Amino acid sequence: LERLVTESGVILQGKPTLRAANLQNGATVTAHVRQAQLVSSALAFALLRPDGTVVTWGNAIDGGDSSAVQDELKDVNQIQSSLHAFAAIRSDGSVVTWGKTDDGGNSSAVQHQLRDVKHIQASSRAFAAIRADGSVVAWGNARYGGDSSKLQDQLRDVTQIQASRDTFGASFAAVSSDGRVVTWGADSGSDCSSVRSQLNNVVAIQATTFGGSFAALKSDGSVVCWGSSMSGGDSSSVQDQLFDIHHIQATESAFAAIRGDGVVVCWGNPQDGGDCTDVQEQLIDVKHVQATTKAFAAIRADKTVVTWGSDSYGGDSSEVQDQLKNVEHIQAASLAFAALKSDGSVVTWGTSDAGGDSSCVQDQLHDVTRIQVSRDGVRCSFAAIRQDGKVVTWGDPGSGGCCRMVRDQLFDVQEIQGTENCFAAIRSDGGVVTWGNGDFAPDCYTAQELLQDGNLSGLSGLFPAGYAAIGSDGSVLNFGAVGTVGTVGMPELP
């Protein structure tokens, strides 16, 4: 139970009496129930439990070990992650951080400012928090946006923050309630001075995933870009086409914008999807665009699909084009796409051993409701949840593409989250099952060895009537009445 709210919108704090809460006989009180949520860094997981406590596991330096702040991880409402650290917002607006110290895992320098926090955004190695009064607090690696101290007088009434990333740095772009934009960091996107006069009435910002560029969508449907010209920071060649824009998507170094009339406009690195000339006539009535690292896939109103960009990254779908009909949703890994059709079947394309070829499990891909992705550069994989709660995986085995070792435990699955090289699934009974890279996601054999070796730093209740074995490396194995990972020879606990 997260909270109780009266008909007038008052949140009942603590355990007041009916009289103290001004509740009359017959009054209606709404209960808000929080579901368990999984969040991942590069090589670690954080599980936010329904009671507001947090359990972590995986690579300790990437946030898999939260023991130093475990006493503070209570009444947590949301968790955000960078590549190597986590930041949790508690119900009182305070923030708890852990993970790699220099990458946002240590917020002690700004802890006194981290109060009344409503939202946190992350770059690859830093965090930026928006407080209730619209001010911003940043921490982490300064080259990745972790220091906004010189801009504090400009960071007022902020409503949203977007992050970009470049080879040797990253930057944040904050949008205020009046549509102004303030940027900071160390990549090419941190300097918007050349277009600052145009940055007004901004309603949303999109960023390339690695090229250090931003594209700002204004309330009149126009677009303003800045950053590296090689990665979409210069849209002058298509500026006359950028009107009535409704949505912008990005690859590593290119942008694709959907206009109100369903036409798509592209710019940026041509090899990464910045040039859609070859398919421009097909890009009509487009409703949604998805992106891998270097390619785009568009779903049209008739539920067919158009792709462009680098062939090996999913830009060429010719081999499966006749199957790409009645597509409802597209999921993207680094080098491949997976399309979910209205009948629950799945079509994949892109680099074969990185999720682009699902032929070995095609007969199992039916009644699929959701698809999640694990990605690690050229190693990536997909995990699909079926209507019956079972899970089907494919792609690189080392990043979770093979779940054979835990298949018997993957039933009644409700949610899946992926790190760079493994997956974690939450079942309806509260059990958590992990698979993928054995260093960070123990399969049933690794978990069994953890128990047999007695390499435990403690036992704690993970879910009602269940237990968690917490290894010295930060890994977690839950067992007992609720959920089991590894079923052979489990010890009986009191």
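This section describes the overall make-up, charged contacts and selected strands of a predicted model.

The protein chain contains one helix and 36 strands. Of its 494 residues, 55% are buried. The accessible surface of the chain amounts to about 21400 Å², and carbon and sulfur atoms account for 46% of that area. When contacts between residues at least 6 apart in sequence are considered, 43% of them join residues at least 24 apart. Ten aromatic pairs were counted in the structure.

Twelve salt bridges were found in a search of the whole structure. One of them joins aspartate 51 to arginine 49, with the closest N and O atoms 3.9 Å apart. Arginine 49 has a relative accessible area of 10% and is classed as buried because this value falls under 20%.

A salt bridge is also formed between the side chains of aspartate 272 and lysine 294, with an N to O distance of 3.5 Å. Aspartate 272 is located in the loop between β21 (264-268) and β22 (286-291), whereas lysine 294 is located in the loop between β22 and β23 (295-300); the pair therefore ties together parts that are 22 residues apart in sequence. Both aspartate 272 and lysine 294 are buried. Lysine 294 has a further partner in tyrosine 313: the charged end of the lysine sits over the tyrosine ring, 5.8 Å from its centre.

The salt bridge between the side chains of glutamate 328 and lysine 303 has an N to O distance of 2.6 Å. This pair links distant parts of the chain, 25 residues apart, with glutamate 328 in strand β25 (residues 327-332) and lysine 303 in the loop between β23 and β24 (305-309). Glutamate 328 is partly exposed, at a relative accessible area of 42%. Lysine 303 is likewise partly exposed, and its relative accessible area is 30%. Both residues receive this class because their values lie between the limits of 20% for buried and 50% for exposed.

Salt bridges also connect Lys100, Asp103 and Arg125 in a network. Arginine 125 is, in addition, positioned over the face of tyrosine 144, at 5.5 Å from the ring centre. Thus arginine 125 takes part in the salt-bridge network and also lies over an aromatic ring.

Two hairpins were examined. In one, strand β14 (residues 169-176) runs antiparallel to β15, and five bridges join the two strands. Valine 175 has valine 181 of β15 as its bridge partner. Four residues lie between β14 and β15 in this hairpin, and glycine 179, in the turn, has a positive phi of about 90°. Strand β15 (residues 181-185) is largely enclosed by the rest of the structure, because four of its five residues are buried.

In the other hairpin, β31 is joined to β32 through three residues. Strand β31 (residues 413-418) and strand β32 (residues 422-427) pair in the antiparallel sense, again over five bridges. The bridge partner of glycine 418 in β32 is phenylalanine 423.

Two further arginines were examined in their strands. Arginine 379 belongs to strand β29 (residues 379-386) and counts as partly exposed, with 31% relative accessibility. Apart from residues up to four places away in sequence, arginine 379 touches Asp396, Gly398, Ser399 and Glu420. The C-alpha atom of arginine 379 is separated by 9.6 Å from that of glycine 400, which is 21 residues away along the chain.

Arginine 131 is placed in strand β11 (residues 126-131). With a relative accessibility of 13%, arginine 131 counts as buried. Its contacts, leaving aside neighbours within four places in sequence, are Gln113, Arg115, Asp116, Val117, Lys118 and Val137. Between arginine 131 and isoleucine 120, eleven residues apart along the chain, the C-alpha atoms are separated by 9.0 Å. The two arginines thus fall into separate accessibility classes, arginine 131 being buried and arginine 379 partly exposed.

Key. Residues are numbered from 1 along each chain as its sequence is written. This is a predicted model: local features need pLDDT of at least 70, side-chain atom pairs count only at pLDDT 80 or more; totals for chains, interfaces and linings use all residues. Side-chain values use heavy atoms; hydrogens and water are left out. Buried means under 20% relative accessible area, exposed over 50%, partly exposed in between (1.4 Å probe, protein chains only). Contact means heavy atoms within 4.5 Å. Accessible areas come from the Shrake-Rupley method with a 1.4 Å probe; for residues, only the protein chains shown count as cover. A salt bridge is a side-chain nitrogen of Lys or Arg within 4 Å of a carboxyl oxygen of Asp or Glu. Rings of Phe, Tyr and Trp (its six-membered ring) pair if their centres lie within 6.5 Å; planes under 30 degrees apart count as stacked, over 60 as edge-to-face and the rest as tilted. A charge sits over a ring if NZ of Lys or CZ of Arg is within 6 Å of the ring centre and within 35 degrees of the ring normal. Two strands pair if DSSP finds at least two bridges between them.
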